[in-house]
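Colleague: I would be grateful for a close look at a single part of this model, set in the context of the whole chain. Please take the nonpolar core as the part to examine.

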Amino acid sequence: AVSHAVPRFASLLARRFDIASGAGLPWGGTARPTSAGCTVGEVLVGVFTLGTLVLFVYYWASQHSWCATWHGCGHDTYDLTYQEDTARTLGQVSNLLVGLLVLPVSRRSLWAAALGVSWESALWFHQYLGWAFMACVVAHAGFWYKVYAQQGFLPHDVLA
């Protein structure tokens, strides 16, 4: 039953939105190329991903309480340096990016079918996400090393 769920869901999406002809969507479908040479679906994937990243960074950088009393830190306030806040935020952004990395590479992706993006045209998206993930991981590690240096833990505690 599980092996038939994905094709059934994809065909349901295709019928509901009439992806092949584009008649079911208000902008005329996702298969229509834009003036930039990419499809509307590809533009939507980029806009949704960029919007998600911006909101994600905003939340983790400015709204999340990294160490409130209910976390059990033992004190009421926990003042982070901007290096530690950035390191923690980049770690969470890396988690998001690694999760998004698997979406465009599955050959029968429901997301690609819903947005009318072919598997081949989604590979560039996967590559950019991979490079963004690697950049976040390197920056995340670099900022943590800066925090460790500020706290006097380098090099002994990092190398031990």
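Modeller: The account below begins with the chain as a whole, turns to the core, and then considers a polar site and a surface patch.

The model is predicted. The chain has six helices and zero strands, so that its pattern along the sequence reads α-α-α-α-α-α. Of its 160 residues, 28% count as buried. Among contacts in the chain with a separation of 6 or more, 60% are between residues 24 or more positions apart. The chain exposes about 10400 Å², and carbon and sulfur atoms supply 66% of that area.

Now to the core itself. The largest nonpolar core has 17 residues, and the members that touch the most others in it are L97 and L129. Two or more residues of this core come from each of α2 (40-63), α3 (82-101) and α5 (119-150). Helix α3 gives the largest share, six residues. In soluble globular proteins, nonpolar side chains tend to be buried together.

The surroundings of L97 can be listed in detail. Setting aside residues up to four places away in sequence, L97 touches L53, L129, A132, F133 and C136. L129 thus appears in two roles: as a contact of L97, and, with L97, as one of the two core members that touch the most others.

A polar residue deserves attention next. Q83 is placed in helix α3, the helix that also gives six residues to the core. Q83 counts as buried because its relative accessibility is 7%, under the 20% cut-off. Its side chain takes part in two polar contacts that can be named here: one of 3.3 Å with the side chain of Y82, and one of 3.2 Å with the side chain of Q150. When neighbours within four places in sequence are left aside, Q83 is in contact with F143, K146, V147 and Q150. Q150 therefore figures both among these contacts of Q83 and as a side-chain polar partner, since its pair with Q83 lies at 3.2 Å, within the 3.5 Å limit for a polar contact.

The surface offers a further point. V102, L103, V105 and W111 make a nonpolar surface patch of about 370 Å². Of these residues, V105 is found in the loop between α3 and α4 (110-115). V105 counts as partly exposed because its relative accessibility is 31%, which falls between the 20% and 50% cut-offs.

How values were computed. Residues numbered from 1 in each chain as written. Predicted model: local features only at pLDDT ≥ 70, side-chain atom pairs only at ≥ 80, totals over all residues. Heavy atoms only, no water. Core = buried A, V, L, I, M, F, W, Y, C linked by side-chain atoms within 4.5 Å. Buried < 20%, exposed > 50% of the residue type's maximum accessible area, 1.4 Å probe, protein only. Helix = DSSP H or I, 4+ residues; strand = E, 2+ residues; numbered from the N terminus. Contact = heavy atoms within 4.5 Å. Areas by Shrake-Rupley, 256 points an atom, 1.4 Å probe, with all protein chains shown as cover. Polar contact = N/O pair within 3.5 Å; in protein donor to acceptor, adjacent residues only side chain to side chain. Patch = residues over 30% accessible without salt bridge, like charges linked within 9 Å, V, L, I, M, F, W, Y side chains within 5 Å. Salt bridge = Lys/Arg side-chain N within 4 Å of Asp/Glu carboxyl O.
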